[in-house]
Amino acid sequence: MRAIPYMHPTAYNFYLRVLHRSSLRERYKIISGEIGCNNIVFELGCGTGILAEYLDKSCDYIGWDLNQAFIRYLKKKGRKVELRDIFDFSGYPRNHVCVITDVLHHVVPKEWPLVRNALKSTEKLIVVEPYKAFNFPLPNFLRKYYDSVLGDNDGINPYRNRVNWDYSPEGLKKYFMSFGAHKVTEVGKDVIAIFYSGKDNVSEIDNQ
Ligand SMILES: C[S@@+](CC[C@H](N)C(=O)[O-])C[C@H]1O[C@@H](n2cnc3c(N)ncnc32)[C@H](O)[C@@H]1O
(Lines give C-alpha, C1' and ligand atoms only; values in the text may rest on other atoms or scores of the structure.)
Protein backbone atom coordinates (compact mmCIF):
# COMPACT_ATOMS: atom_id res chain seq x y z
CA MET A 1 0.00 0.00 0.00
CA ARG A 2 1.01 3.57 -0.59
CA ALA A 3 -0.36 6.96 0.45
CA ILE A 4 -3.17 8.44 -1.67
CA PRO A 5 -0.95 10.98 -3.52
CA TYR A 6 1.23 8.12 -4.81
CA MET A 7 -1.74 6.16 -6.19
CA HIS A 8 -2.52 8.48 -9.08
CA PRO A 9 -0.76 11.41 -10.79
CA THR A 10 -3.81 13.69 -10.41
CA ALA A 11 -3.90 13.00 -6.67
CA TYR A 12 -0.16 13.74 -6.39
CA ASN A 13 -0.38 17.01 -8.34
CA PHE A 14 -3.39 18.14 -6.29
CA TYR A 15 -1.67 17.24 -3.00
CA LEU A 16 1.45 19.15 -3.97
CA ARG A 17 -0.55 22.25 -4.90
CA VAL A 18 -2.42 22.19 -1.58
CA LEU A 19 0.80 21.70 0.39
CA HIS A 20 2.92 24.34 -1.33
CA ARG A 21 0.26 26.73 -2.68
CA SER A 22 1.73 29.62 -4.67
CA SER A 23 5.32 28.69 -3.75
CA LEU A 24 5.07 25.59 -5.97
CA ARG A 25 5.39 27.63 -9.18
CA GLU A 26 8.22 29.61 -7.61
CA ARG A 27 10.05 26.36 -6.78
CA TYR A 28 9.99 25.01 -10.33
CA LYS A 29 10.65 28.43 -11.90
CA ILE A 30 13.79 28.81 -9.78
CA ILE A 31 14.95 25.30 -10.63
CA SER A 32 14.38 25.84 -14.35
CA GLY A 33 16.18 29.21 -14.10
CA GLU A 34 19.16 27.41 -12.56
CA ILE A 35 19.03 24.88 -15.41
CA GLY A 36 18.98 27.38 -18.25
CA CYS A 37 18.85 26.47 -21.95
CA ASN A 38 20.18 23.75 -24.26
CA ASN A 39 20.91 21.29 -21.48
CA ILE A 40 20.27 17.61 -20.93
CA VAL A 41 18.35 17.44 -17.66
CA PHE A 42 18.19 14.24 -15.65
CA GLU A 43 15.65 14.07 -12.82
CA LEU A 44 16.00 11.34 -10.21
CA GLY A 45 12.66 10.46 -8.62
CA CYS A 46 10.79 12.52 -11.22
CA GLY A 47 7.30 11.83 -9.83
CA THR A 48 4.71 13.29 -12.21
CA GLY A 49 7.38 15.29 -14.06
CA ILE A 50 6.17 18.76 -13.06
CA LEU A 51 9.67 20.14 -13.60
CA ALA A 52 9.60 19.18 -17.30
CA GLU A 53 6.73 21.62 -17.84
CA TYR A 54 8.82 24.54 -16.62
CA LEU A 55 11.97 23.80 -18.63
CA ASP A 56 13.08 25.85 -21.59
CA LYS A 57 12.00 24.09 -24.79
CA SER A 58 15.65 23.73 -25.83
CA CYS A 59 16.32 21.34 -22.92
CA ASP A 60 16.14 17.59 -23.19
CA TYR A 61 14.44 15.99 -20.15
CA ILE A 62 15.04 12.47 -18.84
CA GLY A 63 13.29 11.18 -15.71
CA TRP A 64 13.50 8.04 -13.60
CA ASP A 65 10.99 6.85 -11.03
CA LEU A 66 9.72 3.55 -9.64
CA ASN A 67 6.07 4.62 -9.49
CA GLN A 68 4.31 2.77 -12.34
CA ALA A 69 1.29 5.10 -12.46
CA PHE A 70 3.51 8.18 -12.73
CA ILE A 71 5.73 6.68 -15.44
CA ARG A 72 2.73 5.48 -17.46
CA TYR A 73 1.22 9.00 -17.24
CA LEU A 74 4.47 10.65 -18.34
CA LYS A 75 5.02 8.22 -21.21
CA LYS A 76 1.52 9.03 -22.49
CA LYS A 77 2.59 12.68 -22.48
CA GLY A 78 5.59 11.75 -24.61
CA ARG A 79 8.20 12.32 -21.90
CA LYS A 80 11.49 10.44 -21.95
CA VAL A 81 11.08 8.60 -18.65
CA GLU A 82 11.96 5.17 -17.31
CA LEU A 83 10.55 2.93 -14.60
CA ARG A 84 13.87 2.56 -12.88
CA ASP A 85 15.46 2.51 -9.45
CA ILE A 86 17.43 5.71 -8.86
CA PHE A 87 20.05 3.59 -7.07
CA ASP A 88 20.94 1.91 -10.36
CA PHE A 89 23.96 4.21 -10.58
CA SER A 90 25.68 2.43 -13.46
CA GLY A 91 22.76 3.27 -15.79
CA TYR A 92 22.80 7.03 -15.25
CA PRO A 93 22.90 8.89 -18.58
CA ARG A 94 25.54 11.57 -18.99
CA ASN A 95 23.78 14.92 -18.46
CA HIS A 96 24.43 18.62 -17.92
CA VAL A 97 22.12 19.21 -14.96
CA CYS A 98 20.79 16.61 -12.54
CA VAL A 99 17.82 17.44 -10.31
CA ILE A 100 16.71 15.68 -7.11
CA THR A 101 13.55 17.33 -5.76
CA ASP A 102 11.67 16.08 -2.69
CA VAL A 103 13.50 12.78 -2.75
CA LEU A 104 16.29 12.78 -0.14
CA HIS A 105 13.89 12.51 2.81
CA HIS A 106 12.31 9.50 1.08
CA VAL A 107 15.54 7.57 0.55
CA VAL A 108 17.32 8.37 3.84
CA PRO A 109 19.75 6.87 5.02
CA LYS A 110 21.03 6.34 1.44
CA GLU A 111 20.77 9.99 0.40
CA TRP A 112 24.50 10.74 0.25
CA PRO A 113 25.45 7.82 -2.00
CA LEU A 114 22.67 9.14 -4.25
CA VAL A 115 24.05 12.70 -4.26
CA ARG A 116 27.64 11.54 -4.79
CA ASN A 117 26.72 9.29 -7.72
CA ALA A 118 24.44 11.90 -9.27
CA LEU A 119 27.41 14.30 -9.21
CA LYS A 120 29.52 11.80 -11.13
CA SER A 121 27.05 11.88 -14.04
CA THR A 122 26.62 15.62 -14.27
CA GLU A 123 28.18 19.08 -14.22
CA LYS A 124 25.62 20.66 -11.92
CA LEU A 125 23.37 19.08 -9.34
CA ILE A 126 20.29 20.80 -7.92
CA VAL A 127 18.87 19.30 -4.74
CA VAL A 128 15.58 20.57 -3.35
CA GLU A 129 14.12 19.61 0.00
CA PRO A 130 10.88 20.93 1.48
CA TYR A 131 10.79 22.22 5.02
CA LYS A 132 7.77 24.42 5.78
CA ALA A 133 5.29 22.13 4.09
CA PHE A 134 6.19 19.30 6.46
CA ASN A 135 7.35 21.18 9.48
CA PHE A 136 4.21 21.08 11.61
CA PRO A 137 3.85 19.59 15.09
CA LEU A 138 2.04 16.25 15.30
CA PRO A 139 2.12 13.53 17.97
CA ASN A 140 4.08 10.50 16.79
CA PHE A 141 1.13 8.16 16.24
CA LEU A 142 -0.66 10.81 14.15
CA ARG A 143 2.48 11.55 12.16
CA LYS A 144 2.77 7.89 11.25
CA TYR A 145 -0.90 7.74 10.28
CA TYR A 146 -0.62 10.93 8.22
CA ASP A 147 2.51 9.57 6.51
CA SER A 148 0.83 6.32 5.55
CA VAL A 149 -2.42 7.83 4.23
CA LEU A 150 -1.54 11.28 2.91
CA GLY A 151 2.17 11.77 3.42
CA ASP A 152 5.44 10.34 2.12
CA ASN A 153 4.46 6.68 1.99
CA ASP A 154 5.59 6.17 -1.61
CA GLY A 155 5.30 2.37 -1.47
CA ILE A 156 9.08 2.10 -1.92
CA ASN A 157 10.77 3.42 1.23
CA PRO A 158 9.84 2.54 4.84
CA TYR A 159 8.52 5.09 7.35
CA ARG A 160 11.07 4.08 10.00
CA ASN A 161 13.89 5.51 7.86
CA ARG A 162 12.41 8.96 7.32
CA VAL A 163 10.80 9.49 10.74
CA ASN A 164 13.81 11.36 12.13
CA TRP A 165 14.56 13.52 9.08
CA ASP A 166 15.31 17.12 10.11
CA TYR A 167 12.82 19.39 8.30
CA SER A 168 14.11 22.63 9.85
CA PRO A 169 15.57 25.12 7.32
CA GLU A 170 18.66 25.66 9.49
CA GLY A 171 19.24 21.91 9.81
CA LEU A 172 18.82 21.35 6.08
CA LYS A 173 21.11 24.24 5.15
CA LYS A 174 23.88 23.07 7.50
CA TYR A 175 23.45 19.54 6.20
CA PHE A 176 23.90 20.58 2.58
CA MET A 177 26.83 22.86 3.37
CA SER A 178 28.59 20.10 5.27
CA PHE A 179 28.47 17.99 2.13
CA GLY A 180 30.02 20.67 -0.06
CA ALA A 181 27.05 22.49 -1.57
CA HIS A 182 28.26 25.52 -3.51
CA LYS A 183 25.15 27.55 -2.74
CA VAL A 184 22.18 27.00 -0.42
CA THR A 185 19.04 29.11 -0.76
CA GLU A 186 15.74 29.18 1.10
CA VAL A 187 12.90 29.71 -1.35
CA GLY A 188 9.20 29.56 -0.50
CA LYS A 189 8.78 26.34 1.43
CA ASP A 190 12.01 24.74 0.22
CA VAL A 191 15.75 24.72 0.69
CA ILE A 192 17.61 24.55 -2.62
CA ALA A 193 21.24 23.41 -2.74
CA ILE A 194 23.51 23.66 -5.78
CA PHE A 195 26.49 21.35 -6.19
CA TYR A 196 29.05 21.42 -8.99
CA SER A 197 31.12 18.43 -9.92
CA GLY A 198 34.83 19.02 -9.81
CA LYS A 199 34.57 22.43 -8.12
CA ASP A 200 36.20 23.39 -4.87
CA ASN A 201 33.84 23.42 -1.93
CA VAL A 202 33.51 27.19 -1.80
CA SER A 203 30.19 27.57 -0.07
CA GLU A 204 27.83 30.40 0.54
CA ILE A 205 24.46 30.56 2.30
CA ASP A 206 21.94 32.77 0.56
CA ASN A 207 19.26 33.86 3.00
CA GLN A 208 16.94 35.56 0.53
C1 LIG B 1 7.90 13.48 -3.31
S2 LIG B 1 8.09 12.65 -4.85
C3 LIG B 1 9.02 13.88 -5.77
C4 LIG B 1 8.63 13.89 -7.23
C5 LIG B 1 9.21 15.00 -8.08
N6 LIG B 1 10.65 15.07 -7.98
C7 LIG B 1 8.59 16.33 -7.79
O8 LIG B 1 9.30 17.36 -7.82
O9 LIG B 1 7.36 16.41 -7.60
C10 LIG B 1 9.35 11.41 -4.53
C11 LIG B 1 9.45 10.44 -5.71
O12 LIG B 1 10.60 9.60 -5.52
C13 LIG B 1 10.28 8.33 -6.05
N14 LIG B 1 11.23 7.33 -5.49
C15 LIG B 1 11.48 7.07 -4.20
N16 LIG B 1 12.45 6.11 -4.08
C17 LIG B 1 12.79 5.77 -5.37
C18 LIG B 1 13.71 4.84 -5.92
N19 LIG B 1 14.49 4.07 -5.14
N20 LIG B 1 13.81 4.77 -7.27
C21 LIG B 1 13.02 5.54 -8.07
N22 LIG B 1 12.13 6.45 -7.60
C23 LIG B 1 12.01 6.56 -6.26
C24 LIG B 1 8.83 8.10 -5.64
O25 LIG B 1 8.20 7.14 -6.43
C26 LIG B 1 8.25 9.51 -5.85
O27 LIG B 1 7.67 9.67 -7.11
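Two strands count as paired if DSSP finds at least two bridges between them. In this predicted model, S1 and strand S4 (residues 97–101) meet that condition, with 3 bridges joining them in a parallel arrangement.

**Strand S1 and its partners**

S1 also runs parallel to S2, and 5 bridges join these two strands. Glu-43 takes part in both pairings: its bridge partner in S2 is Gly-63, and its bridge partner in S4 is Val-99. Of the 5 residues of S1, 4 are buried, so the strand is largely enclosed by the rest of the structure.

**The nonpolar core**

The largest nonpolar core contains 42 residues. Leu-44, Ile-100 and Val-127 are the residues with the most contacts inside this core. What does Val-127 touch, once neighbours within four places in sequence are left aside? Val-127 is in contact with Ile-100, Leu-104, Val-115, Phe-176, Ala-193 and Phe-195.

**Surroundings of the ligand**

The ligand has 21 residues around it, and those that come nearest are Gly-45, Gly-47, Leu-66, Thr-101 and Asp-102. Helix H3 (50–54), strand S2 (60–65) and helix H5 (104–107) are the elements that give two or more residues to this shell. By residue class, the shell holds 11 nonpolar, 6 polar and 4 charged residues.

**Backbone exceptions**

Most residues other than glycine have a negative phi, and most peptide bonds are trans. Arg-21 is not a glycine, yet its phi is positive, at about 50°. This residue, Arg-21, sits in the loop between H1 and H2. Asn-38 is likewise a non-glycine residue with a positive phi, here about 55°, and Asn-38 belongs to the loop between H2 and strand S1 (40–44). A further exception is the peptide bond between Val-108 and Pro-109, which is cis with omega about 10°. Pro-109 is part of the loop between H5 and helix H6 (111–121).

**Burial of selected residues**

The table gives the count of other C-beta atoms within 10 Å for four residues.

| Residue | C-beta neighbours within 10 Å | Class |
|---|---|---|
| Leu-19 | 17 C-beta atoms | partly exposed |
| Arg-21 | 13 C-beta atoms | partly exposed |
| Ser-32 | 21 C-beta atoms | buried |
| Asn-38 | 10 C-beta atoms | exposed |

The classes follow from two cut-offs: a residue is buried if 20 or more other C-beta atoms lie within 10 Å of its own, and exposed if 12 or fewer do. Ser-32 is buried because it has 21 such neighbours. Asn-38, with 10, is exposed. Leu-19 has 17 and is therefore partly exposed, and Arg-21, with 13, is also partly exposed.

**Leu-19 and Ser-32 in context**

Leu-19 lies in helix H1, which spans residues 9–20. Its C-alpha atom is separated by 17 Å from that of Glu-186, a residue 167 places away along the chain.

Ser-32 is located in helix H2, residues 23–35. Which residues does Ser-32 touch, not counting those up to four places away in sequence? They are Tyr-54, Leu-55 and Asp-56. Between Ser-32 and Lys-75, 43 residues apart along the chain, the C-alpha separation is 21 Å.

Methods. Residues numbered from 1 in each chain as written. Predicted model: local features only at pLDDT ≥ 70, side-chain atom pairs only at ≥ 80, totals over all residues. Near = placed C-beta within 6 Å. Nonpolar A, V, L, I, M, F, W, Y, C, P; charged D, E, K, R; others polar. Contact = placed C-beta atoms within 7 Å. Core = buried A, V, L, I, M, F, W, Y, C linked by C-beta atoms within 7 Å.
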